[in-house]
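Please look over the sequence and the model together before reading the exchange between a student and a tutor.

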Amino acid sequence: MSASTTQIHVLSGDDWALFRDIRLRALADAPAAFGANLPEAQSRTEQQWRNRISQRTQFVAVTEQGTVGTVAGAVDTDRNSVHLFSMWVDPRVRGTGIADQLVQTVVAWAAANGHTTIHLEVTEHNSRAERLYARNGFTRTGRIGTISRDDPRAEFEMTRTISETPS
């Protein structure tokens with residue numbers, strides 16, 4: 001399988017169940033990669049899932065194996081930037097280019113909407129994700145934060161100027 005057999009779709013509020021299902025799979029597979037936790041996500045109502053979709057542009061990757069990846073983009077008006085987050089690819093298809101395709105989809109979406117920078121955070125020790133982002137033109141900014149008030153794990157900010165071509 002390759003990224004060329006992958007279709008990327010944008011979810012709407014009516015796709016809340018698909019969004020819930022892939023998000024729960026992501027949290028179960030890689031809990032250390034996200035600020036959210038599985039029990040909290042499992043307790044969300046339909047309306048809460050719909051609200052989350054309305055606050056972002058949520059993309060999913062679909063192959064003959066079903067929905068195998070997801071990523072979100074949202075405009076960060078405080079920073080005049082786009083925030084890339086909630087990135088996950090099913091372990092069965094990692095290494096096939098789907099993660100790159102998802103990142104490139106958010107970058108293209110941001111550019112099409114007139115944005116010139118995009119930023120993200122990557123959890124410390126998630127070297128595979130950091131390599132993915134670096135391969136797609138992102139570099140560390142030097143900013144280091146924590147995932148949340150309740151989760152002191154470090155995360156590093158990375159950014160990319162959208163007009164740049166990744167090396």
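The exchange below takes up one helix and then the sheet.

Tutor: This is a predicted model, in which local features need pLDDT of at least 70, side-chain atom pairs count only at pLDDT 80 or more, and totals for chains, interfaces and linings use all residues. Residues are numbered from 1 along each chain as its sequence is written, and side-chain values use heavy atoms, with hydrogens and water left out.

Student: What span should helix H1 have at 1.5 Å a residue?

Tutor: Helices are DSSP runs of H or I with at least four residues, strands are runs of E with at least two, and both are numbered from the N terminus. The expected span is 1.5 Å times one less than the number of residues. For the 14 residues of H1 (residues 16-29), the end C-alpha atoms are 20 Å apart, which agrees with the expected 20 Å.

Student: Which residues of H1 are buried?

Tutor: Buried means under 20% relative accessible area, with a 1.4 Å probe and protein chains only. The buried residues pack against elements including helix H2 (38-42) and helix H3 (46-54), contact meaning heavy atoms within 4.5 Å. These residues of H1 are Trp16, Phe19, Ile22, Arg23, Leu24, Ala26 and Leu27.

Student: In what order do the seven strands form the open sheet?

Tutor: Two strands pair if DSSP finds at least two bridges between them, and the pairing in this sheet is mixed. The order is S1-S2-S3-S4-S5-S7-S6.

Student: Which are the edge strands?

Tutor: An edge strand here pairs on one side only. The two are strand S1 (7-10) and strand S6 (139-148).

Terms used
Buried means under 20% relative accessible area, exposed over 50%, partly exposed in between (1.4 Å probe, protein chains only).
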